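Welcome! Here are a few exercises to work through with the model open beside you. Try each task before you read its solution.

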Amino acid sequence: MTDYRSLSFWHDTVEDDLTPRPPLPGDTTADVAIIGAGLTGLWTAYYLLERDPSLHVVLLEKNIAGFGASGRNGGWCSALFPASTASLERRHGREPALAMRRAMISTVDEVGRVVAAESIDCGFTRGGTVSFARSAVQLAAALAEVEEADRYGVDELEMLDPDAVAGANGALGASFDPACARLHPAALVRGLARVVEARGATIHEHTEVLDWQSGSVSTTRGRVRAARVVVATEGYGATLPKTHRRILPLYSLMIATEPLDDSTWDSMGVSHGRTFTDFRHLLVYGQRTADNRVAFGGRGARYHWGSSIQPRFDRSSAVFKHLRRALSELFPQTADAEVTHRWGGPLGVPRDWHASVTFDPASGIASAGGYVGDGLSTTNLAGRTLADLLTGADTDLTRLPWVNHRSPSWEPEPLRFAGSNLGMLAMRAADAEERVTSRPSFAAKIMGPLVGH
Ligand SMILES: Cc1cc2nc3c(=O)[nH]c(=O)nc-3n(C[C@H](O)[C@H](O)[C@H](O)COP(=O)(O)OP(=O)(O)OC[C@H]3O[C@@H](n4cnc5c(N)ncnc54)[C@H](O)[C@@H]3O)c2cc1C
């Protein structure tokens, strides 16, 4: 029996006993069958039932609701989308790209609205994100980011001067994006599961889906016949034959410290609700938790052959050491704080780093995912959009450019293994190169487009 509490700091501290709900008792029927009870599946159920409370919605979950990335993430409820505005414009045109940006920004407020309306106590506090620039190269990147946002005129980014970010070691300035809230991810996803159940959905946990086709889903516990099927397995899709090459599981790992006192937080200059990062290439991200810890994560864990996902990959002592060093270096005020929790999990990366929502009315099969590390809020937009698509509504959401976007498949092995791990090494090398040369990295320029920069 899995010890779900040990999955992450969030699972350890969520007010929920994490007892699995009963599995599917055998063959059944539903109007909509949803595969996976992470935020994609649950937000879809939530908005479907809001649009049509008479729908019979069944969620099929291999583990427990919130077992995956949705319960373990950094708690940034942001307006970030894995494809940049410029790349959305190149691919879809200016107006669709701007519509996507507006939809993402309003999604942060929509999550806040629902958690308040449904009394989901997840510490949602909208304090914005500060991205520290800690070298001349990073400062140039921050300025370029703010200038680009100004040019498009949708995101309200601004530059912060060095005085405003003096608490972060070596910060020469920062960009600030107000469109981000911090929250407790397991409290959100477990709370949302209870809300959708109260609205009439059935969640079957410990029910592994083996396959699906138009009109039915087969599981280890029986078959569900449903005219509409939603595939919401994100990174875990790589373990299923139908979606194996459509998504690549990338591990992100995190640590949490013991609670810090208010004077330490004051010296760091990080208020409640604020999330933070910097402009290095090998991404790091942090939040001040509601109970005053630092929850701090980053990339750097390697990709595993054949897109394998194993519980032991959630933990890597080398990455945890790297994160501890990176946190102490960014905030020396935290250097003596004990690290109380270490965890990680797989997120889903599509070949072109472009998230999508899809629905084929002929087969009744829908899906959403490919959010990379930006799914906490994007899943909400996906859920609203899928609810519109599945109920046949033609809305602003169903016209957004990520609807029915089809990413190419990932290469077969050994190319996938070589490419992914090379990309990771290149980003690490790019950071080292910039530290030494004080110039924008050549490695990042070459490899960036392949690894989502
Ligand atoms: C460490 C980490 C930090 C992150 N930080 C952030 C952040 O700060 N902000 C942000 O926006 N995003 C972040 N992300 C990404 C974000 O968490 C995800 O994009 C988002 O949660 C995806 O939600 P989902 O429901 O699509 O997928 P998941 O939450 O992964 O849910 C998929 C579900 O499918 C189930 N499943 C898998 N296979 C089967 C099967 N065969 N049958 C039935 N069920 C199955 C799984 O058990 C799981 O519950 C982070 C991710 C990680 C791992």
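**Exercise 1. Find which atoms of the protein meet oxygen atoms of the ligand.**

Step 1. Start with Ala69: one of its backbone N or O atoms lies 3.2 Å from an oxygen atom of the ligand. A polar contact here is a pair of N or O atoms within 3.5 Å; within protein, one must be able to donate a hydrogen and the other to accept it, and residues adjacent in sequence count only if both atoms are side-chain atoms. Before going on, note that this is a predicted model, where local features need pLDDT of at least 70 and side-chain atom pairs count only at pLDDT 80 or more, while totals for chains, interfaces and linings use all residues. Residues are numbered from 1 along each chain as its sequence is written, and side-chain values use heavy atoms, with hydrogens and water left out.

Step 2. Now look at side chains. A polar side-chain atom of Asn73 is 3.2 Å from a ligand oxygen atom, and one of Glu61 is 2.5 Å from a ligand oxygen atom.

Step 3. Ask how well the ligand is covered: the protein covers 98% of the 1000 Å² of accessible area that the ligand has on its own (Shrake-Rupley method, 1.4 Å probe; for residues, only the protein chains shown count as cover).

**Exercise 2. Describe the shell around the ligand.**

Step 1. Count the residues: 37 surround the ligand, and Thr40, Glu61, Ser70, Gly373 and Leu376 are the closest. A residue is near a molecule or strand if one of its heavy atoms lies within 4 Å of it.

Step 2. Sort the shell by type: 15 residues are nonpolar, 16 polar and 6 charged. Ala, Val, Leu, Ile, Met, Phe, Trp, Tyr, Cys and Pro count as nonpolar, Asp, Glu, Lys and Arg as charged, and the others, Gly among them, as polar.

**Exercise 3. Trace the hairpin of S9 and S10.**

Step 1. Strand S9 (209-213) pairs with strand S10 (residues 216-219) in the antiparallel sense over 4 bridges. Strands (E, at least two residues) and helices (H or I, at least four) are DSSP runs, numbered from the N terminus, and two strands pair if DSSP finds at least two bridges between them.

Step 2. Pick one bridge: Trp212 has Val217 in S10 as its partner.

Step 3. Check the turn: 2 residues lie between the strands, and Gly215 there has a positive phi of about 95 degrees.

**Exercise 4. Locate two backbone features in loops.**

Step 1. The peptide bond from Glu413 to Pro414 is cis, with omega near 5 degrees. Pro414 sits in the loop between H10 and helix H11 (415-437).

Step 2. Ser307 is not a glycine, yet has a positive phi of about 60 degrees. Look for Ser307 in the loop between strand S15 (294-298) and helix H9 (317-330).
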